[in-house]
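Subject: Structure handover

Hello,

Here is the structure I said I would pass on. My notes follow below it.

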Amino acid sequence: MGSLLPLDIESRRTIASASLRPLANALRAELQPLLAGALVIPEGKARLTRLGGRCEFDGTLLEFDPYSPHEHRCRQCQRVFTGPAHHDWWAMGAQLWTAERAVQAAALYWVRDDKAAGALSVRILRELGQRYHSWPNQDNALGPTRPFFSTYLESIWLLNLCHAVSLLESAGIDAETARELSAVRGQLIEPSRDLIASYHEGRSNRQVWNEVAILSASCVLGDHRTIEKRLDSRTGLHNLIATGLLDDGSWYEGENYHLFAHRGLWYGVQLLRALGRPLDASLDARYRAGFVTPFLGLLPDDTLPSRRDSQYAVSIRQWRFAEWCELGIAHATALGGRDASTGMRADRRHDEQTGARALARTDVRLGARPDARLTGTLQRLYEADPNGPLQSHARHPYSTADAERNEPAGLLSRADLSWRSLLMADAELQPSRSWSPGSVCLPSQGLAVIRREHGQMYVALEGGHTGGGHGHPDRLALTLQHGRNRWLEDPGTGSYVERKLHWYRSTLAHAAPVIDGASQDGVAAQLLAFEDRGWAGWIKKRVENIKPGVNVQRTVVVCEAYVIDLLEWDAAGEVQVDLPVARRVDQCSAQHWERANPGGAGGLEDGFDFLVDAEVDRHFKGFAAAGVADSHGEFAQSAQAVRHSPQGAGYSVRLSSGEWGSDTQAHYGSSQRFELWRAMAPASPGRPAERLHWIRTRAQRGSILGMWTWNETLNIRIEQAPLVLTITGGDGTSAVHSATDSGWHIDLKAGHATSSIDLKRLPQGAASVGQLRPAVGTSPGDHDTEAEQPPSDVSAHVPVPVHSHPAWVVPEAPAALSFELGEAHYLRTEQSWADAGKPRATINLRVDDNHLVLEVTARTGAPTIPALDADNALDNERRDVNADGVQLYLGPKSGPPWTRSWLAVPAKECAPRARVTPLLANTPDIVSTWNLTADGWWMSLSVPLASVPVQADGTFALELIVNERPAHRVRRRGQLVLSGGAGFAYLRGDRSDSTQAMTFRMPPR
Ligand SMILES: [Zn+2]
């Protein structure tokens, strides 16, 4: 069997007994309770629920302690929680923790010949192997798995166990142990690999883990045919790296998923090296760049920006970031020893002296030396934190492998690292200067940051591509942070299965423009300008069709003591623009607050439903009104204007907060009349609600102008058309800002000295949209390591309309159009159509008495329906999604969003009527009846013809889905889909993609 890591046992033994001895000792001490006692292996399968693992009071993730399966503490409020939901969540951590201990023990056996540790590793593998099939592969949240609820978790777990087996065997084992490990292969490694391979997650970060686990398991199984087949596949590891990593080295789904995907890639890249098939130079360069990118956007308090689905305020002063740097440095060091002409590794570094020579030699040739930014960041992590007192340090012993849990910032040393560093980190760290990031622009990732005051002042404008399934509609969001004071920020994202997820994924939760009360469409932002000239810098981004026909751009100019924030839009007609401008305000110049309903477009994902106690002040004139008077509007002084005017009309509003710092103020106004709104809104997950202020205005074309000032009192005057801003400091110096065709012009005056700065736009054509690389093999579909067809055939499994037909004419009663739904229409979860008992349904359509009538005969067994008062404890989907029933969708044609949809279940409490839930706003109630049949149930749904969105040519689009849930399951098992199935039904909830929908035509009347 080949090794999974490119390791040299002699040199590693030396290092583990010398410079990394404290780490080896710490890893050994952590195993002591297991060496002396019972293993930690859950009886049941891990389960994801809304409650499980979170504090019931503040939503904080509960602490994980492998030795406390029934009591779980909240770090925030110190309460202890018990109960099955929390225990089932704990089971996930316990499985991963135990798997990681298996490889940790094997690593100590390998590097120290620690026989007790080796025996522990074998014991864990044996027990997990014997129990693998006791965990059922059902009721999963995302993909097939036995011990977990999502496939990628089983991938992480299997990968750890494979490393354990590989290390044990390469260190040498006796015949009895060899027999035991052979049993583990048959009981666990092969079936788990095949289960993971039965599911493919396209270009998701999770697929990295699935792919690496399958390859590693195949390696342990000696299945070289599968390895070759998968490596050569267009959906294989090389292509995941080539298409998933942007030019700057970052994973396309954003920072949070970059960290996760890149850690998975680390295993993959080391495996490729061990297999003698390393990445080519350009891919490897991109992979190496990926070690540095997370630190480029770092906030002044050493936390990561909470962009997209990231958790809030994650500190890099955790051991896993130190290990991240160590592994990046070690990879570059190893690559430095590679011979440029052959791509093969030259002599490995056996001791420091020869290693340094090899490094010096190859540096010149390849330029592949550890990145100074990485060594400088690591240096900083191992130093004390200059920004504040860190908690005294203690090694955190409860790592759950690569399913990370964030810990508070702490003091770190090399003894805090994991088995990976014990086996792979450089013997000694080269002396390095500590490094902090400066201004930076990553157009593809959409990150643009200008820093001031030695990195203490941070200004970022959100943009770039949409970020896939984990992207948020927050194009043009502004982030402002001074030291630890967060003025405007992304609130991060909490639990994926809570209702509040919709808030965190709304535009309104971000300091980004909201058009007509609805979250933005998922479109990319163009970078029009990024330049930092030291005294002055600017960022300009533009989004076309942020909503259909609406184009918005935002310009942020950063000077020494202030930021200018200009939002401009043009639209086909008048639009309402809401711009959140501040949080946690405690002083505001508005004085005419009245209770009001802020409205919103009506969707949960638009965010307005989460606001409470909303108030508005409608007395703001806008600068254009000022222009009528004297062509000058007093901007900063408008608070005074409010006070002195009996009407209370001002041109702008002034906001400040004790939490921003005492000298910090924000001023906002608009070119036209505007309103200032405020309401209590959810704060970052786990924190109490806080007050949000936003500007609302209406215009076909218009602008909102803001100024943030700190450290200094400034006077600001504004002229409209063209826009000229004059900013005067207390010392008499002034800066006159104006927009020009080529960029932004600033005239500076200090006494008699004058100078000017021109900030330039990027050349036309250079504007970056942040496109993703062309997708190769993007379609999720079945993968089967044992199947005859190569994995490149996944497209054959992609759902296709089974009934390709121009338009089906719906006849008048008593005739009917009839469809038989079976295997070709089935969307599965874990079981195939055959294993699910071959569920079938017949659909009849006809027009009868001014109604479109649909009859469903489901041959799926007796229906399982949750009680009327039951709550879906699993996730934030509707209760009746996990029931036998029908989802019906109508739209004008396939492609655009549906305009009518219903969820109907054959519930006993209202028989013979069905329990019908309209799923979209403006969907009328319909009549639906049902009855039991010998092998299932029958249901009829009648939609008034007036409610069918029939086009002028008589056509409309329709989708009908039959949900199937046997009584012994807690979730829906599968769906029969009229337009065609094949594939998986995970995460679809009550939604249906209209692009596959069939077209129907009304009968001539
Ligand atoms: Zn709590």
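The notes cover the metal site, then the helix packing.

Please keep in mind throughout that this is a predicted model.

Zinc site

The zinc ion has C55, C74 and C77 as donors through SG, and D58 through OD, at 2.2 to 2.3 Å. Along the chain these donors follow the spacing C-x2-D-x15-C-x2-C. The arrangement is tetrahedral because the 4 donor atoms subtend angles of 105 to 114 degrees around the zinc ion, and four donors count as tetrahedral if all angles lie between 85 and 135 degrees. For reference, the ideal angle for four tetrahedral donors is 109.5 degrees.

Two of the cysteines can be described by their accessibility. C74 has a relative accessible area of 0% and is therefore buried. C77 comes out at 25% relative accessibility, so C77 counts as partly exposed; the cut-off for buried is under 20%.

Packing around helix α2

Helix α2 spans residues 21-36, and there are two contacts of this helix to report, one with α4 and one with α3.

With helix α4 (residues 115-131), the axes come within 11 Å and cross at roughly 60 degrees. That angle makes α2 oblique to α4. The crossing of these two helices is left-handed. On the α2 side the residues involved are R28, L31, L34 and L35, and they meet A116, A117, L120 and R123 of α4.

With helix α3 (residues 84-112), the axes of the pair are 10 Å apart and the packing angle is about 130 degrees. α2 and α3 are therefore also oblique to each other, and their crossing is left-handed. From α2, the contact uses R21, A24, N25, L27, R28, E30, L31 and L34. From α3, it uses W97, R101, Q104, A105, L108 and R112.

R28, L31 and L34 of α2 appear in both lists, facing α4 in one and α3 in the other.

Helix α14

How many of the 10 residues of helix α14 are buried? The count is 7, so this helix (residues 372-381) is largely enclosed by the rest of the structure. The buried residues are L374, T375, G376, T377, L378, R380 and L381. They pack against two other helices, α11 (281-296) and α12 (319-336).

Regards

Key. Residues are numbered from 1 along each chain as its sequence is written. This is a predicted model: local features need pLDDT of at least 70, side-chain atom pairs count only at pLDDT 80 or more; totals for chains, interfaces and linings use all residues. Side-chain values use heavy atoms; hydrogens and water are left out. Donors are N, O and S atoms within 2.8 Å of the metal (3.2 Å for Na, K and Ca); water is not among the atoms, so sites may look incomplete. Four donors count as tetrahedral if all angles lie between 85 and 135 degrees; four count as square planar and six as octahedral if opposite donors are over 155 degrees apart and all others between 65 and 115; anything else is irregular. Buried means under 20% relative accessible area, exposed over 50%, partly exposed in between (1.4 Å probe, protein chains only). Axes are lines fitted to C-alpha atoms, for helices over the stretch in contact, and angles run from 0 to 180 degrees between N-to-C directions. Helices (H or I, at least four residues) and strands (E, at least two) are DSSP runs, numbered from the N terminus. Angles under 35 degrees count as roughly parallel, over 145 as roughly antiparallel, 65 to 115 as roughly perpendicular and the rest as oblique. A crossing is left-handed if the near helix is turned anticlockwise from the far one by less than a right angle, and right-handed if clockwise. Contact means heavy atoms within 4.5 Å.
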